[in-house]
Amino acid sequence: MTVQKVIIDCDPGIDDALALAFAAGHPELDLRGITTVAGNVGLDKTTANALRVRDFVGMPDVPVIAGCPRPLLRPPLHARDVHGDSGLGAASIPAASSGPAGGHAVDFLASATATEPGQITLIAIGPLTNVALALRLYPELVSQVRNVVIMGGSAGRGNVTPAAEFNIAADPEAAAIVFGAGWTVTMVGLDVTLQARATAAVRDRMRGLGRLADELVLPSLAGYRNVSRGPGSESDGGGPAVHDVCAVASVAAPELLTCLPARVEVETAGRWTSGMTVTDFNAADDACNARVAVAIDGGAFWDLVLDAYARVAAKVGAAGVTPR
Ligand code: RIB
Ligand code: CA
């Protein structure tokens, strides 16, 4: 068993919460810290949600460090219409037992990876504002991470616009900095995450997971609203896509994904295409800055997720039993 040390930068967010629950349950993931960024909802709520999910899934000692409250240049873009005003859909889990750690997420990303150079994989599943600023303040971050994996982008259609996926569209300038930093980004985009649907059959498999299912997973999934329409979208009858879980699961089990090398450029100026990840699979090898996921083993993915959730459920406890 090879334990993977990871930091998750996130904007909880329903699928962020489900990704944190997966990290709590997978035996080979060692979560060294959670950093938060404004995205689906404001920073105050993404941070509060990260804290309460962290405690609920049994990781109270993992530090949560708050980051940037808005994109580098643009006004905030939120997804309350999808994740609800709380950011966790219809889930109602207890408030956290403690607040965020001191300091700023950008400094934590740099210090944690510098302390354990080459050992920590950075997984960014929200807008890339924190990561971009960390790269500007601490350029050595590029060589100090083991890997960098994002949920974001798409070689094809977008979800917040026809061209752009939310995490990139929310802060295209930050994404351009991340893809231009000189490291190789593993891009887990809509090309694969729209295949990882929490279908009715999948949700049925979750029903035996006690409080984890009853208080977090199922109500948060039920609260996914206004999912995008059209072929291959969340609302084509398949069920909500758990985008962020795909990115975290791919670190625990890289064999879940098929990735191809590509040159990814982020559109920051287009009137209709701002936030588009322009993906060139024909780029010369030395021009490639990304590994782009193009396929996912959906069956193996859900088996892995349900297995991790079963471990968390054993900690969280039986339905209807709220610990004193
Ligand atoms: O487009 C999906 C991404 O945007 C996910 O990370 C979701 O949480 C939202 O942040
Ligand atoms: Ca997210």
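Tutor: In this predicted model, donors to a metal are N, O and S atoms within 2.8 Å of the metal, a limit that becomes 3.2 Å for Na, K and Ca.

Student: Which residues coordinate the calcium ion (ligand 2), and at what distances?

Tutor: For calcium the donor limit is 3.2 Å, and the side-chain OD atoms of Asp11, Asp16 and Asp244 are donors here, with Asp16 listed twice. Ile125 takes part through its O atom. The coordinating residues are therefore Asp11, Asp16, Ile125 and Asp244, at 2.3 to 2.6 Å.

Student: Which spacing do the donors of the calcium ion (ligand 2) follow along the chain, and how many residues apart are the parts that Asp16 and Ile125 tie together?

Tutor: Along the chain, the donors of this calcium ion follow the spacing D-x4-D-x108-I-x118-D. Asp16 belongs to helix α1 (residues 14-25), whereas Ile125 sits in the loop between β4 (120-124) and α5 (129-137), so the pair ties together parts of the chain that are separated in sequence. Both Asp16 and Ile125 are buried, and the parts they join are 109 residues apart in sequence.

Student: How are α1 and α13 oriented relative to each other?

Tutor: The axes of α1 and α13 come within 8 Å and cross at roughly 75°. The contact is made by Leu18, Ala21, Phe22, Ala24 and Gly25 of α1 with residues of α13 that include Leu304, Ala308, Tyr309 and Val312. Because angles of 65 to 115 degrees count as roughly perpendicular, α1 is placed relative to α13 as roughly perpendicular.

Student: Which helix gives the largest share of the largest nonpolar core?

Tutor: The largest nonpolar core has 75 residues, and those with the most contacts inside it are Phe22, Val57, Met206, Phe301 and Tyr309. Met206, leaving out residues up to four places away in sequence, touches Ala213, Val217, Leu218, Leu221, Trp302, Leu306 and Tyr309. Apart from this core lies another, of 35 residues, among them Ile65, Ile120, Phe179 and Met187. The largest share of the 75-residue core is ten residues, and they come from helix α13 (residues 298-316).

Student: Are α4 and α5 roughly perpendicular or oblique to each other?

Tutor: Helix α4 (residues 105-115) passes α5 in a right-handed crossing, with axes that come within 9 Å and cross at roughly 60°. Their contact is made by Ala105, Val106 and Leu109 of α4 and by Asn130, Val131, Leu133, Ala134 and Leu137 of α5. Since the roughly perpendicular range runs from 65 to 115 degrees, the two helices are oblique.

Student: Is Arg54 buried or exposed, and what is its relative accessible area?

Tutor: Arg54 lies in helix α2 (residues 43-56) and, not counting residues up to four places away in sequence, touches Ile34, Met59, Pro60, Val62, Pro63, Val64 and Ser98. Because buried means under 20% relative accessible area, Arg54 counts as buried, with a value of 3%.

Student: How far apart in space are Asp55 and Val316?

Tutor: Asp55 is also placed in helix α2, and its relative accessible area of 19% makes it buried, because the cut-off is under 20%. Leaving aside neighbours within four places in sequence, Asp55 is in contact with Pro60, Ala96, Ser97 and Ser98. Asp55 and Val316 are 261 residues apart in sequence, yet their C-alpha to C-alpha separation is 9.7 Å.

Student: How many of the residues of helix α8 are buried?

Tutor: Helix α8 (residues 172-179) is mostly covered. Its buried residues are Pro172, Glu173, Ala174, Ala175, Ile177, Val178 and Phe179, which gives seven of eight.

Terms used:
Residues numbered from 1 in each chain as written. Chains lettered and ligands numbered in written order. Predicted model: local features only at pLDDT ≥ 70, side-chain atom pairs only at ≥ 80, totals over all residues. Heavy atoms only, no water. Core = buried A, V, L, I, M, F, W, Y, C linked by side-chain atoms within 4.5 Å. Buried < 20%, exposed > 50% of the residue type's maximum accessible area, 1.4 Å probe, protein only. Helix = DSSP H or I, 4+ residues; strand = E, 2+ residues; numbered from the N terminus. Contact = heavy atoms within 4.5 Å. Axes fitted to C-alpha atoms, helices over the stretch in contact; angles between N-to-C directions. Parallel < 35°, antiparallel > 145°, perpendicular 65-115°, else oblique. Left-handed = near helix turned anticlockwise from the far one by under 90°.
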